Amino acid sequence: MSTKLRCILCCCSAFLPHGASTSLDDNGSADEATSLSKSKSKSIHTDFDRSGFYLLLKIPRSSTIPEIKKAYKKQSLLLHPDKLAQRNITLTPKMQADFIKMKAGYDVLLDPQKRKLYDACGEKVMKAIDDPMSIDRMEIMKNFSNSSKKDRSKIFAIFVLIIGGGLLPFILLCLRADNDVSGHYLTLLTPLWMLDFVILCYHVRMLTMGVIKPPEGYEGEWVDPLPMKGKIFAAFKFACFLAFEIVTFMTLDNVINKTTTNYFLVLLPLYLWEVLNLYTNKKIGGMNVASVEEVEETLGKSFSEMTQDEIQEIEKMYDMLRPEGDEELTIARMRQSSGVRGFQFGILRLIVEILTAVNLNLMSSNSSFSWWLVFLPCWLAIGAVCTSTCYFSCNNRLTLAMLNELDEKKMEKDKNDLEKGYGSTEHLPTVTDSKIDYENKDYENLNDEEKEVFKLQMTNDIQQNQLSCCGSLLLLIPLCVACGRFNGGDYSSLWIIFPLLFAGGVILCCFGCCIFGASEEMAAHQEEEIKRMEREGKGYVPPNEEGLPSAVFGSGYNTGAAAAPSPIVNDDGIRVTPSTPVPHTDILGIHSIDVVTAPDPRISTESNDLD
């Protein structure tokens, strides 16, 4: 077992099934795994998760490779579909499932590394490592609720290291600025350089990977999901920010003379980093994203009435074209919105950074202006955000209250008309406000389901506006404290990062309560709730063998980039093989998935294994 895998399993042992172990070394044998299983877990006949492959092949854990091959051929003669057909035995679903599982177990046991992992952790953990999409989150929660305090402490320690490691450089920087600690900035900020080294190793690793080749047996046009151009661009952005950190701290340590240096040159790597971010956000924010329904409504005809050439022309006009409600379309719209916001905030940061360089240069010549003026764009932007979000939030609340009142009046009138025995002859007041228009229809013309969707959208808009306003006000606090400190305020610089320290403490407390407060009763209650939702046909659906949700989702239109298909069950109850997802890249490099039908490779109609 590799060191990296051993470390991951050790840290995440709270989520593993009870009895899974990671104490095997690279020289461990199957005999050691057997003794480990007997001492720490159940017997081979009761611990099926770590013994099922051996039971299907009817061999002990200590079996050698030749013994495994011999046992597989013997069992294949009994279970292979062709051999069953030759003996006029009807193939049942159980026989088919046993043969598939036996074939999978044979492949695992022939691979020494996979066998070692299977013996130590079981089939479920091994599948989760090979295919993370096959993880059942309900089972993970159940394992976690049954885990020991020691295993939970590992998870909590990871969160402490992440949050503490992220806040430590800021704390050291503030202490050094207040002269509470001595030493050079370059030496004190060793935790920051350690983090930068990890990120640098990641970029070097990505660059040395080269071009990703298509999987073995792949047919069709292959597009590298991690193109070299994108990896070089990301590495260059990080190099710019790393250069900014080094030059800045060298200036603070007076390695670069503070009095004679031009701060525009000191901040030049930061300006370049901001420009690269602006380019990225502009590209993302400028994506042309639309739903199939919107395009059909604009063109006045459906895709089924169009020719293939017309559909291809429409696809070229859009970077993302999916049915309404598609998950990829929702993600693309969120990315587009975040790109627009990122571009706006990038412009704001760039202006403040230019004003900062101007003021620092003036300070070198003993003439400067107030830092409150340097951050004037921030005050204007925060004021604009708070004002606009409050206005739209109040307006949406009034509109929502009016709509609820109209619905109540309509329900009361319908009830009175029903009691009198005749239908409604009067109309409620027409809602003509442009904000109540829903897909070019007035509110009163919507059905009940559309009204609920519309109200839910308005409620989400209100919540988003409130979050934006609260976030802007939270940003205002450290900016004001920083401006006061830069202007000679007589208080500790730690007050500048106090909101971050407070938030980090609250997050750690919440994580601690969730991690150490989870109990088996809570997991059982949630499992019952999920089963109830499953019976009602909604909510959580566990993954199947392929790691896909077992529910059948409508595929909608296949406009050249449909989402990965779900397994389908036909009228006879036989499961149809899902199609194989094939990645491709849209116009602006947005990775999508086409669908290519493929046969099921797990059951072969040939008997090559028996020769």
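**Helix packing in a predicted 611-residue chain**

Let me open with a helix pair. From H10, the residues Lys149, Arg152, Ser153, Ile155, Phe156, Phe159, Val160, Ile163, Leu167 and Ile171 meet Leu500, Leu501, Gly504, Ile507, Leu508, Phe511, Gly512, Ile515, Phe516 and Gly517 of H22. Contact here means heavy atoms within 4.5 Å. Helices are DSSP runs of H or I with at least four residues, strands are runs of E with at least two, and both are numbered from the N terminus.

Now the ground rules. This is a predicted model, where local features need pLDDT of at least 70 and side-chain atom pairs count only at pLDDT 80 or more, while totals for chains, interfaces and linings use all residues. Residues are numbered from 1 along each chain as its sequence is written, and side-chain values use heavy atoms, with hydrogens and water left out.

Back to H10 and H22. H10 covers residues 149-177 and H22 covers residues 498-517. Their axes come within 10 Å and cross at roughly 175°. That makes H10 roughly antiparallel to H22. Axes are lines fitted to C-alpha atoms, for helices over the stretch in contact, and angles run from 0 to 180 degrees between N-to-C directions. As for the angle classes: under 35 degrees is roughly parallel, over 145 roughly antiparallel, 65 to 115 roughly perpendicular, and the rest oblique.

Stay on H10 for one residue. Leu175 is in that helix. Leu175 is buried, at a relative accessible area of 19%. Buried means under 20% relative accessible area, exposed means over 50%, and partly exposed is in between, with a 1.4 Å probe and protein chains only. What does Leu175 touch, beyond residues up to four places away in sequence? Asp180, Val181 and Leu494. Leu175 also pairs with Ser493: 318 residues apart in sequence, 7.2 Å apart in space, C-alpha to C-alpha.

Next, the start of H22. Phe498 sits in this helix. Phe498 is partly exposed, with a relative accessible area of 40%. From Phe498 to Pro478 the C-alpha distance is 7.8 Å, with their positions 20 residues apart in sequence. Pro499 is in H22 too. Pro499 counts as partly exposed, at 28% relative accessibility. Its contacts, leaving out residues up to four places away in sequence, are Ile477 and Pro478. Pro499 and Leu474 are 25 residues apart in sequence, and their C-alpha atoms are 7.9 Å apart.

Second topic: H13, H15 and H18. H13 runs over residues 228-252. H13 and H15 pack at about 150°, axes 7 Å apart. The two are therefore roughly antiparallel to each other. Their crossing is left-handed. By that I mean the near helix is turned anticlockwise from the far one by less than a right angle; clockwise would be right-handed. Which residues of H13 meet H15? Phe233, Phe236, Lys237, Cys240, Phe241, Ala243 and Phe244. On the H15 side, the partners include Pro269, Leu270, Leu272, Trp273 and Leu276.

H15, residues 268-285, also packs against H18. That angle is about 160°, and the axes are 8 Å apart. So H15 is roughly antiparallel to H18. H15 passes H18 in a left-handed crossing.

One residue from H18, which spans residues 327-364: Thr356. Is Thr356 buried or exposed? Buried, at a relative accessible area of 17%. A polar atom of its side chain lies 2.8 Å from the backbone oxygen of Val352. Thr356 touches Trp371 and Val374, not counting residues up to four places away in sequence.

Now two loop residues with backbone angles to check. Lys58 has a positive phi of about 60°, and it is not a glycine. Lys58 is in the loop between H3 (48-57) and H4 (65-79). Lys58 is exposed, at a relative accessible area of 66%. Asn179 also has a positive phi of about 60° without being a glycine. Asn179 lies in the loop between H10 and H11 (185-188). Asn179 counts as exposed, at 60% relative accessibility.

Last, the whole chain. How many helices and strands are there? The chain has 23 helices and six strands. Buried residues make up 33% of the 611 residues. Take contacts between residues at least 6 apart in sequence: 62% of them join residues at least 24 apart. The chain exposes about 37100 Å², by the Shrake-Rupley method with a 1.4 Å probe. Carbon and sulfur atoms supply 62% of that area.

Methods:
Polar contact = N/O pair within 3.5 Å; in protein donor to acceptor, adjacent residues only side chain to side chain.
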